[in-house]
Amino acid sequence: PFEFDYKTYLSNRQIHYMSFIDSTSFAETTAPSPLSLWWRTGLYVKQYILNNLKNSGLTQEAYAISAALLTGYDHDINSSVMEAFSHSGTLHVLSVSGLHTGLIYVVLSFLFDLIDRKKNYKMGKFIFITCGLWFFALITGFSAPVLRAVIMFNLLGFGKIFFRNDFRNQINILLVSAFMLLFQDPYLLTDIGFQLSYFALFGILFFQPVFMNVWQPEKKYQVFVWQSVTASFAATLTTLPLTLFYFKQFPFWFFITNLLVVPATFGVLILALLVVLKINKVALIINAIIKFLIYFIGLFNVPLVGFIDNIHFQLWDALLLSLFIIGISMAVNYRSYKQLVFSFTVLIFWQINGLCISYFLKNENIFSVYHLKKQYAYSIKNKQVVQLSKLKTPDYNFHVKPHVNSFNYPVLKESAFNYVKYKDKCFLILNKKNRMPFCNYNEVSTLIISDNFDLRPRHLNNFAHLKTIVSDGSNNPYVIKHLAELCSKFDLVFYDTKTKGAYLETL
């Protein structure tokens with residue numbers, strides 16, 4: 001329940017089937033097209049950058065983060081480091097996005113200005129930056145946020161040369177770039193990175209000027225700090241419904257962490273470019289910066305102090321929060337009393353609905369058998385307390401945690417159990433190799449078979465009131481087939497979590 005739907009995720013990328021074949025089982029049928037040559041060039045350059053970074057004296061963590069900043073290759077980043085960045089609200093710096101494209105834009109603009117000090121060759125600068133940005137997009141695999149940023153910078157650069165450039169034009173350019181990308185691939189609309197990047201930049205363009213007018217600092221360092229803080233708040237405001245819906249967490253100190261992490265990663269990006277150019281002495285500086293960054297964000301990686309986790313936030317909540325934000329924005333912008341009343345009406349309705357759902361969830365008792373590949377996992381929810389069988393962290397986070405989050409902050413306890421009785425319902429879990437536990441078999445109404453337990457007809461003769469047999473993901477196909485045949489023979493209901501999903505029984 002509430003688990004990430006990987007099948008739909010692949011379907012939105014036009015992937016409907018998977019096949020595993022040997023490397024000698026396929027061959028190219030046509031000559032490489034010009035487009036594939038571009039792709040190969042991009043892959044070659046990307047591999048060249050990764051090799052130079054790897055052989056430069058960088059630590060493993062420094063190499064992984066530098067590779068993510070330059071090429072978007074983030075597979076070598078430690079999961080604990082990734083989690084710390086996420087909890088501090090700075091995970092966006094590790095995924096190639098518009099932020100990195102903007103940094104590349106600044107570097108290219110600075111390099112060209114060194115040659116053209118009098119700024120006489122505006123078209124030449126535009127062509128130079130355009131080629132550089134598209135090459136950067138090539139080596140990052142044409143990700144949606146990078147494409148959005150590159151197209152935007154191209155249109156902005158074109159507008160600076162031939163047209164006036166103001167706030168309204170920037171919003172229009174943002175929407176035109178979205179139209180161009182969706183015209184090429186409409187399914188990008190379902191991409192989380194695409195959604196977050198556009199909502200974040202819209203927030204910066206629309207709300208940051210409003211926040212900046214609240215205070216007009218005089219000193220340059222105050223202007224820099226205030227711009228960074230307002231940009232963080234503006235982007236967070238417009239992406240809040242999405243981040244709560246997708247990630248179920250919220251970092252409290254995002255405006256402080258971004259104030260330091262974003263400039264630091266910009267420095268790492270520049271230094272990493274020098275490393276690619278074989279200036280390996282700067283690797284020591286990168287190592288020191290990355291070590292400090294990991295220590296710094298670790299200070300905010302504390303539950304309830306640095307961030308709040310396990311937020312049950314559904315699509316309905318995201319829509320109502322979005323309506324509230326839009327209503328408040330319009331009320332402030334147009335000084336509209338009606339919009340203000342509408343906003344608080346939405347807020348009150350949202351909170352009452354949430355309280356009703358929370359009350360129902362807190363008073364619900366439920367027994368669950370989850371589907372994990374080659375593993376078993378069960379839980380018993382008794383109002384505020386949830387008993388969980390022991391799980392490895394990655395499996396728990398992916399398969400079980402989304403369902404536990406829906407229980408509205410229960411008390412979690414890990415314990416091994418194989419017998420559950422509640423009023424007229426009794427569950428027996430058989431997960432020990434062919435060993436039947438000692439219990440009152442006459443009370444058992446549901447059997448859960450795990451870990452390839454060899455259930456035989458003679459075993460079933462002991463259960464007078466047995467109605468259902470459940471097979472979880474720890475059983476192999478032969479055992480599942482055998483259980484289905486037994487259920488057919490003894491007129492029992494057979495439930496296979498592999499084909500039907502998790503087994504949930506309300507108590």
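# Exercises on salt bridges, a sheet and enclosed space

The side chains of Lys 125 and Asp 113 form a salt bridge, with 3.2 Å from N to O. This pair joins distant parts of the chain, since Lys 125 belongs to helix α6 (residues 122-139) and Asp 113 to helix α5 (residues 98-115), twelve residues apart. The structure is a predicted model, and the exercises below work through it region by region.

**Exercise 1. Decide whether Lys 125 and Asp 113 count as buried, partly exposed or exposed.**

Step one is the cut-off: a residue is buried under 20% relative accessible area, exposed over 50%, and partly exposed in between. Step two applies this to the lysine: Lys 125 has 21% relative accessibility and therefore counts as partly exposed. Step three does likewise for the aspartate: Asp 113 stands at 22%, so Asp 113 also counts as partly exposed.

**Exercise 2. Describe the salt bridge between Arg 13 and Asp 191, and classify the exposure of each partner.**

Begin with the contact itself, in which the two side chains meet at 2.8 Å from N to O. Next, place the partners along the chain: Arg 13 lies in the loop between α1 and α2 (34-54), whereas Asp 191 lies in the loop between α8 (167-184) and α9 (192-212), and the two are 178 residues apart. Then turn to exposure, where Arg 13 has a relative accessible area of 29% and is therefore partly exposed, while Asp 191, at 17%, counts as buried. The structure holds five salt bridges, and another of them joins the side chains of Asp 454 and Arg 456 at 3.1 Å from N to O. In that pair, Asp 454 is partly exposed at 29%, and Arg 456 is partly exposed at 34%.

**Exercise 3. Work out the strand order of the five-stranded open sheet and identify its edges.**

First, read the order, which is β6-β5-β4-β3-β12, with mixed pairing. Second, find the strands that pair on one side only: these are the edge strands β6 (411-414) and β12 (503-506). Third, consider the geometry, in which neighbouring strands of this sheet are turned against each other by 15° on average, direction ignored. Finally, look at one edge in detail: β12 pairs with β3 in the antiparallel sense over four bridges, and Val 369 stands opposite Tyr 503 of β12.

**Exercise 4. Characterise the second largest pocket by its volume, its lining and the elements that contribute to it.**

The volume comes first, at about 1100 Å³. The lining comprises 31 residues, of which Glu 3, Tyr 6, His 371, Lys 373 and Lys 498 are the closest to the centre of the pocket. Two or more lining residues come from each of α1 (6-11), β3 (365-372), α15 (393-405), α17 (477-490) and α18 (497-500), and the largest share, four residues, comes from α1. By residue class, the lining divides into 13 nonpolar, ten polar and eight charged residues.

**Exercise 5. State how many cavities of 30 Å³ or more the structure holds, and describe the lining of the largest cavity.**

The count is one, and about 40 Å³ of space lies in the largest cavity. The residues that line the largest cavity are Glu 61, Ala 64, Ile 65, Asp 76, Ile 77, Asn 78, Val 81 and Ile 294. Helix α3 (residues 60-71) gives the largest share of this lining, three residues. Sorted by class, the lining of the largest cavity has five nonpolar residues, one polar and two charged.

Note on methods:
Residues numbered from 1 in each chain as written. Predicted model: local features only at pLDDT ≥ 70, side-chain atom pairs only at ≥ 80, totals over all residues. Heavy atoms only, no water. 1 Å grid on protein atoms, 1.4 Å probe; cavity = no way out; pocket = protein on both sides within 12 Å on 5 of 7 lines; lining within 4 Å. Points joined across faces, edges and corners; volume = space filled by probe spheres on them. Nonpolar A, V, L, I, M, F, W, Y, C, P; charged D, E, K, R; others polar. Salt bridge = Lys/Arg side-chain N within 4 Å of Asp/Glu carboxyl O. Buried < 20%, exposed > 50% of the residue type's maximum accessible area, 1.4 Å probe, protein only. Pairing = 2+ DSSP bridges. Axes fitted to C-alpha atoms, helices over the stretch in contact; angles between N-to-C directions.
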